[in-house]
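Here are some worked exercises to try with the model open in your viewer. Have a go at each task before you read its solution.

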Amino acid sequence: MKKILLLSDTHSHIDDTILKYVNQADEVWHAGDIGDLVVTDTIKKLKPLRAVYGNIDDAKARMEFPLNNRFSCENVSVWITHIGGYPGKYNPVIKEEMAQNPPKIFICGHSHILKVMFDKKNNLLHMNPGAAGKSGFHKVRTMLRFVIDDDKIKDLEIIEIGAK
């Protein structure tokens, strides 16, 4: 069983509230637009981190993190990317690979809009944690946390960090 904290779009922002939730997790997943690598370096000192780079991330971030991160956690296949789209409106490159090899969880960021929905066509859970940072049009900073237990995804919670 693993407790996961999922965040995205920090845009160089990390604070004590985010770190409080990092400390409660077994692993932290970041869906891109990290900004300053101080964010991921700080998280990595506390917990294992899986991340991807986003469209605002510089060459250093792109050297450290992939565009797509596919892995298994417990017995759940996961795919994290920054700009992925949504069920019925996936990025064309993603749509093609998704049809051939869908994960059980597909995670993206970019929109700053928290959204969790089941994709019936691809039989997967789509997650976007919204934005944990202070840059962007969103009004409330958000993250997600959940548990992966063997092949089950459970105890999903929305974390509202507060106004930006």
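**Exercise 1.** With which side chain does the side chain of Ser-111 make a polar contact?

*Solution.* Keep in mind that you're working with a predicted model.

- Step 1: find the residue. Ser-111 sits in the loop that runs between β8 (105-107) and β9.
- Step 2: look for the partner. The side chain of Ser-111 makes a polar contact with the side chain of Tyr-86, at 2.8 Å.
- Step 3: check the backbone too. The Ser-111 side chain also reaches the backbone nitrogen of Ile-113, at 3.1 Å.
- Step 4: list the neighbours. Leaving out residues up to four places away in sequence, Ser-111 touches Tyr-86, Asn-128 and Phe-137.
- Step 5: classify it. Buried means under 20% relative accessible area. Ser-111 comes in at 16%, so it is buried.

**Exercise 2.** Work out which residues of helix α1 are buried, and how they are arranged around the axis.

*Solution.*

- Step 1: pick out the buried positions. In α1, residues 16-24, they are Ile-18, Leu-19, Tyr-21 and Val-22.
- Step 2: look down the axis. These buried residues fall within an arc of 160°, so they line one face of α1.
- Step 3: see what that set packs against. The partners of the buried α1 residues are β1 (2-7), β2 (27-30), α2 (38-46), β11 (140-149) and β12 (152-163).
- Step 4: inspect the N-terminal end. Asp-15 caps α1 there, with a side-chain oxygen 3.1 Å from the backbone nitrogen of Thr-17.

**Exercise 3.** Now do the α2 version: which residues are buried, and what do they pack against?

*Solution.*

- Step 1: the buried residues in α2 are Val-39, Thr-40 and Ile-43.
- Step 2: they span an arc of only 85° around the axis, which puts them on the same side of α2.
- Step 3: the buried residues of α2 pack against α1, β2 and β3 (49-51). The α1 contact fits with Exercise 2, where α2 turned up among the partners of the buried α1 residues.

**Exercise 4.** Describe the largest pocket: how much space lies in it, and which element supplies the largest share of its lining?

*Solution.*

- Step 1: start with volume. About 210 Å³ of space lies in the largest pocket.
- Step 2: go to the lining. It has 15 residues, and the closest to the pocket centre are Leu-67, Asn-68, Thr-81, Ile-83 and Ile-94.
- Step 3: assign the lining to elements. β4 (68-73), β5 (76-81) and α4 (92-100) each contribute at least two residues. The largest share comes from α4, with 3 residues.
- Step 4: sort by chemistry. The lining splits into 6 nonpolar, 6 polar and 3 charged residues.

**Exercise 5.** Where do His-11 and Asp-150 lie, and what is the sign of phi in each?

*Solution.*

- Step 1: recall the background. Most residues other than glycine have a negative phi.
- Step 2: take His-11. Its phi is near 45°, a positive value in a residue other than glycine. His-11 is in the loop between β1 and α1.
- Step 3: take Asp-150. Phi here is near 60°, again positive in a residue other than glycine. Asp-150 belongs to the loop between β11 and β12, and at 38% relative accessibility it counts as partly exposed.

**Exercise 6.** Buried, partly exposed or exposed? Classify Phe-118, Lys-104 and Met-63, then give some spatial context for each.

*Solution.*

- Step 1: set the cut-offs. Exposed means over 50% relative accessible area, buried means under 20%, and partly exposed is in between.
- Step 2: Phe-118, in strand β9 (114-119), has 47%, so it is partly exposed. Beyond four places in sequence, Phe-118 touches Asn-123, Leu-124 and Leu-125.
- Step 3: Lys-104, in the loop between α4 and β8, has 33%, so it is partly exposed as well. With the same sequence filter, Lys-104 touches Val-76, Ser-77, Leu-124, Leu-125, Asp-151 and Ile-153. Lys-104 and Phe-71 are 33 residues apart in sequence and 11 Å apart, C-alpha to C-alpha.
- Step 4: Met-63, in helix α3 (59-64), has 75%, so it is exposed. Met-63 and Ala-51 are 12 residues apart in sequence and 12 Å apart in space, C-alpha to C-alpha.

Technical notes
Residues are numbered from 1 along each chain as its sequence is written. This is a predicted model: local features need pLDDT of at least 70, side-chain atom pairs count only at pLDDT 80 or more; totals for chains, interfaces and linings use all residues. Side-chain values use heavy atoms; hydrogens and water are left out. Buried means under 20% relative accessible area, exposed over 50%, partly exposed in between (1.4 Å probe, protein chains only). Helices (H or I, at least four residues) and strands (E, at least two) are DSSP runs, numbered from the N terminus. The arc is that of the directions from the helix axis to the C-beta atoms. Contact means heavy atoms within 4.5 Å. A polar contact is a pair of N or O atoms within 3.5 Å; within protein, one must be able to donate a hydrogen and the other to accept it, and residues adjacent in sequence count only if both atoms are side-chain atoms. On a 1 Å grid over the protein atoms alone, a cavity is a set of points where a 1.4 Å probe fits but cannot get out, and a pocket is an open set with protein on both sides within 12 Å along at least five of seven lines; lining residues have an atom within 4 Å of a point. Grid points are joined across faces, edges and corners, and a volume is the space filled by probe spheres set on the points. Ala, Val, Leu, Ile, Met, Phe, Trp, Tyr, Cys and Pro count as nonpolar, Asp, Glu, Lys and Arg as charged, and the others, Gly among them, as polar.
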